[in-house]
Amino acid sequence: MSVPANLKYTKDHEWVSIDGDIATVGITHFAQKELGDIVYVEVETLDQTLDKDEVFGTVEAVKTVSDLFLPLTGEIVEFNDDLESNPESVNTDPYGAGWMIKIKISVPSEIDSLLSSESYNELIGA
């Protein structure tokens with residue numbers, strides 16, 4: 001299972017890519033595999049500022065719906081509109097085309113609480 005070393009991770013199976021004060025967020029390969037075929041991604045929090053660990057949206061698979069938790073406090077500045085017509089890209093390319101949101105980070109010190117790829121591998125037993 002692929003866990004890119006250049007990303008940070010959460011215990012809720014989200015990945016985070018940091019570029020200055022912008023974080024790109026998606027769900028991990030492990031998460032999409034556990035959920036199964038993704039049929040819908042809903043994010044109704046665009047342009048809102050939320051605290052770390054608040055629900056920013058949901059991902060719907062054939063058999064379940066799961067909440068998505070914000071990995072860092074900040075304003076949701078972008079949603080991957082391609083997911084509206086191609087939600088399956090979360091399954092086929094979770095670390096690329098399947099990204100979900102971009103956040104303008106409000107509390108940079110929270111980055112230190114994210115997991116490294118090694119720690120995330122331990123969490124999922126890889």
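**Figure 1. Gly 57 and its partner across the β6–β7 pairing.** In this close-up, Gly 57 has Leu 68 of β7 as its bridge partner. This is a predicted model, so keep that in mind as you look around. Zoom out a little and you'll find five bridges holding β6 and β7 (residues 65-69) in an antiparallel pairing. The two strands make a hairpin, with three residues between them.

**Figure 2. The other neighbour of β6.** How many bridges pair β4 with β6? Four, and again the sense is antiparallel, with β4 covering residues 38-42. One spot to look for is Glu 42, whose bridge partner in β6 is Thr 58. As for β6 itself (residues 55-61), five of its seven residues are buried, leaving the strand mostly covered.

**Figure 3. Asp 47, out in the open.** Follow the chain into the loop between β4 and β5 and you come to Asp 47. Buried or exposed? Asp 47 is exposed, because its relative accessible area of 56% is over the 50% cut-off. Its backbone deserves a look as well: Asp 47 isn't a glycine, yet it has a positive phi of about 70°. As background, most residues other than glycine have a negative phi.

**Figure 4. The open sheet, strand by strand.** Six strands line up here in the order β1-β2-β3-β9-β8-β5, with antiparallel pairing, and the sheet is open. Which strands sit at the edges? They are β1 and β5 (49-50), each of which pairs on one side only. For a refresher, strands of a sheet pair through backbone hydrogen bonds, either parallel or antiparallel.

**Figure 5. The β1–β2 hairpin and His 13.** β1 and β2 run antiparallel and are joined by two bridges. Tyr 9 gives you a handle on the pairing, since its bridge partner in β2 is Trp 15. Four residues separate the two strands of this hairpin. His 13 is in the loop between β1 and β2, and it takes a positive phi of about 75° despite not being a glycine.

**Figure 6. Thr 10, tucked into the same loop.** Thr 10 also belongs to the loop between β1 (8-9) and β2 (14-19). With a relative accessible area of 8%, Thr 10 is under the 20% cut-off and therefore counts as buried. Which residues does Thr 10 touch, leaving aside those up to four places away in sequence? They are Pro 71, Leu 114, Leu 115, Tyr 120 and Leu 123.

**Figure 7. The β2–β3 hairpin.** Six bridges link β2 and β3, which pair in the antiparallel sense. Ser 17 is a good place to start: its bridge partner in β3 is Thr 24. At the turn, two residues lie between the strands, and Gly 20 has a positive phi near 65°.

**Figure 8. Thr 28, fully under cover.** Just where the chain goes from β3 (22-27) to α1 (29-35), the loop between them holds Thr 28. Its relative accessible area is 0%, so Thr 28 is buried by the under-20% cut-off. Not counting residues up to four places away in sequence, Thr 28 touches Tyr 9, His 13, Glu 14, Trp 15, Pro 94, Tyr 95 and Tyr 120. Two of these contacts, Tyr 9 and Trp 15, are the bridge partners shown in Figure 5. Tyr 120 turns up here too, having already appeared among the contacts of Thr 10.

**Figure 9. Stepping back to the whole chain.** The close-ups above fit into a protein with four helices and nine strands. Reading along the sequence, you get β-β-β-α-β-β-β-β-β-α-α-β-α. The C-alpha trace spans about 35 × 35 × 20 Å along its principal axes. A compact globule of 126 residues would have a radius of gyration near 14 Å, and the protein's 13 Å agrees with that. Buried residues account for 44% of the 126. Of the contacts between residues at least 6 apart in sequence, 61% join residues at least 24 apart.

**Figure 10. Surface and charge.** The accessible surface adds up to about 6,400 Å², and carbon and sulfur atoms supply 45% of that. How many side chains are positive, and how many negative? The protein has 7 positive and 25 negative ones, with the centres of the two sets 6 Å apart.

How values were computed: Residues numbered from 1 in each chain as written. Predicted model: local features only at pLDDT ≥ 70, side-chain atom pairs only at ≥ 80, totals over all residues. Heavy atoms only, no water. Rg over C-alpha atoms; globule rule 2.2 N^0.38 Å. Buried < 20%, exposed > 50% of the residue type's maximum accessible area, 1.4 Å probe, protein only. Contact = heavy atoms within 4.5 Å. Areas by Shrake-Rupley, 256 points an atom, 1.4 Å probe, with all protein chains shown as cover. Lys, Arg positive; Asp, Glu negative; His and termini not counted. Charge placed at Lys NZ, Arg CZ, Asp CG, Glu CD. Pairing = 2+ DSSP bridges.
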